[in-house]
Amino acid sequence: MAKILIISTFFPPRKHIASNRIESFAKYLSEFGHSITVITKGERDACIITDDIKIYYVKDNVLLRPLNTFRKDYTLVHIFKCIYNMLFLNVLVDEASAWTNKALKVARNIHKEEKFECIVSSALPIGPHIIAANLKKITPNIKLIMDMRDAVWSPSYPLFTRYRLIKLFRKLALQSDCILSVSSKQMKKYELILEDKVKCLEINNGYNFDLTLKKYRKNEVFTIAFAGTLHGAINTDNLFAALVNFADKNHNFKLRIIGTTKPIYVPQKIADKISFEDYMPYDKLITILKEETDLLVLIIPKSKEEGIYSGKIFDYLGCLKPILGLVPRNDVAAQLIRDTKAGYIAENENIDEIEQNILKAYLDWTNNIPFNPNLSLIRKFHRKEQAKILDNLIVSLCRGNDSENCNDNTSMD
């Protein structure tokens, strides 16, 4: 099997959905027999070994950096942080450039000793790809896989920054052996940017726990949950408006909002029905979603780029609870909900449609209508199953190397 270097600014203990993706790559590739080293951002410079995975934490010593908007703040403080971050991102195409330069030195030193056969870099920020491309120049026969966890054209970045990001991405990506994308729609856009000069492959996000097939008892009160962060155009305004109408018709419910830090205005009419809960460990969150909820809400506005699933949808699928997808009707998240028979779809911009689908879910709950999702399809979205796609890619790429540069123990027949 191969010696693999994974480069990402996101990795545990940093709490972020991006960390979950990269941790699963490291964990399962190690289980599949590869030797795994990770370079990531940390609170201090350190090297630790966990479950046979060597992790190099590189501290970012720069004073100016994007501000953390994923913590609870007063409304004015949160707004100030968002404005500052937009200005910051207009200046730097690599928002973690100081960390990138420092981590590149660490990567070069490690590579001299380890002689990696494959690099998996993950972005955004673009820094990990910059490091990977530099190592590729040193060792041209090393296999380079660039994971595009977030779209390089995301409206989360200012327009000028997006243009520069796409231009830099293309330059770096043309040095790679494969580009990973989280959805087929985004993959096709990368193929256009790269003019089909680089192989592209879809590897979805996923859930990372066992499917539990036991039947849970429904709650005494119809309980809706939204888990995750609210940022940019993703907000609860239309959901709340629909719930106000729903409550006006004397339907009872509870809404649990878990893990969001953005200050939220709650209409007085439903204030007593809504609770806010802090970010919690992944295992605890999944237990709550499985055992204490009746409907799980996903929000993706039309203003977001196409091809977004939102990592939360896969956790919702694994919980085997109905999903209310407030998502574009013709995009990938809606299609996934249809294919897995996992719930209800209403576009986030249509308040009446949201209310109608909440009512459908409520009546199904009231009348004990069985929830029968497509389990065989849902099983394919376990992170281990997605990591197998990456494993097959790495083995295939390594077989193109001579035996000196790839220690593949599998059959060559």
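1. Partly exposed means a relative accessible area between the buried limit, under 20%, and the exposed limit, over 50%. Ile17 is partly exposed, because its relative accessible area is 35%. Please keep in mind that this is a predicted model.

2. Ile17 sits in helix α1, which covers residues 17-31. Leaving aside residues up to four places away in sequence, Ile17 touches Gly311, Lys312 and Arg383. Gly311 is 294 residues from Ile17 along the chain, yet their C-alpha atoms are separated by 6.8 Å.

3. Next, a loop residue. Glu43 lies in the loop between β2 and β3. Is Glu43 buried or exposed? Glu43 is exposed, because its relative accessible area is 74%, and the cut-off for exposed is over 50%. From Glu43 to Pro13 the count is 30 residues in sequence. In space, C-alpha to C-alpha, Glu43 and Pro13 are 9.8 Å apart.

4. Now the sheet. It is open and has 8 strands, with mixed pairing. Their order is β3-β4-β2-β1-β5-β6-β7-β8. At the edges are β3 (46-50) and β8 (200-202), each paired on one side only. From one strand to the next, the twist averages 20°.

5. Two pairings deserve a look. Strand β1 (residues 3-7) and strand β2 (residues 35-42) run parallel and are joined by 5 bridges. There, Leu5 stands opposite Thr37 in β2. β5 and β6 also run parallel, with 6 bridges between them. Ala123 is opposite Met148 in β6.

6. Helices pack on this sheet. Helix α3 (residues 97-114) touches β1, β2 and β4 (53-59). The direction of α3 makes about 150° with that of β4. Helix α4 (residues 127-138) lies across β1, β5 (118-123) and β6 (143-148). Relative to β5, α4 runs at about 155°.

7. How many residues of β6 are buried? The count is 6 of the 6, so β6 is largely enclosed by the rest of the structure. Lys143, Ile145 and Asp147 point one way from the strand. Leu144, Met146 and Met148 point the other way. The buried set of β6 thus includes Lys143 and Asp147.

8. Helix α10 (residues 332-339) has its own buried residues: Val332, Ala333, Ala334, Leu336 and Ile337. What covers them? The cover includes α6 (184-193), β12 (295-299), α9 (312-319), β13 (323-326) and β14. After α10 comes Lys341, with a positive phi near 50°.

9. Last, a pocket. Rolling a probe the size of a water molecule over the atoms shows where empty space is left. The second largest pocket has a volume of about 770 Å³. Its lining comprises 28 residues. Which of them lie nearest its centre? They are Lys215, Pro322, Ile369, Pro370 and Phe371.

10. The lining of the second largest pocket can also be read by element and by class. β14 (343-346) and α11 (351-366) each supply at least two residues of this lining. α11 gives the most, with 3 residues. By class, the lining has 15 nonpolar, 5 polar and 8 charged residues.

Technical notes: Residues are numbered from 1 along each chain as its sequence is written. This is a predicted model: local features need pLDDT of at least 70, side-chain atom pairs count only at pLDDT 80 or more; totals for chains, interfaces and linings use all residues. Side-chain values use heavy atoms; hydrogens and water are left out. Two strands pair if DSSP finds at least two bridges between them. Helices (H or I, at least four residues) and strands (E, at least two) are DSSP runs, numbered from the N terminus. Axes are lines fitted to C-alpha atoms, for helices over the stretch in contact, and angles run from 0 to 180 degrees between N-to-C directions. Contact means heavy atoms within 4.5 Å. On a 1 Å grid over the protein atoms alone, a cavity is a set of points where a 1.4 Å probe fits but cannot get out, and a pocket is an open set with protein on both sides within 12 Å along at least five of seven lines; lining residues have an atom within 4 Å of a point. Grid points are joined across faces, edges and corners, and a volume is the space filled by probe spheres set on the points. Ala, Val, Leu, Ile, Met, Phe, Trp, Tyr, Cys and Pro count as nonpolar, Asp, Glu, Lys and Arg as charged, and the others, Gly among them, as polar. Buried means under 20% relative accessible area, exposed over 50%, partly exposed in between (1.4 Å probe, protein chains only).
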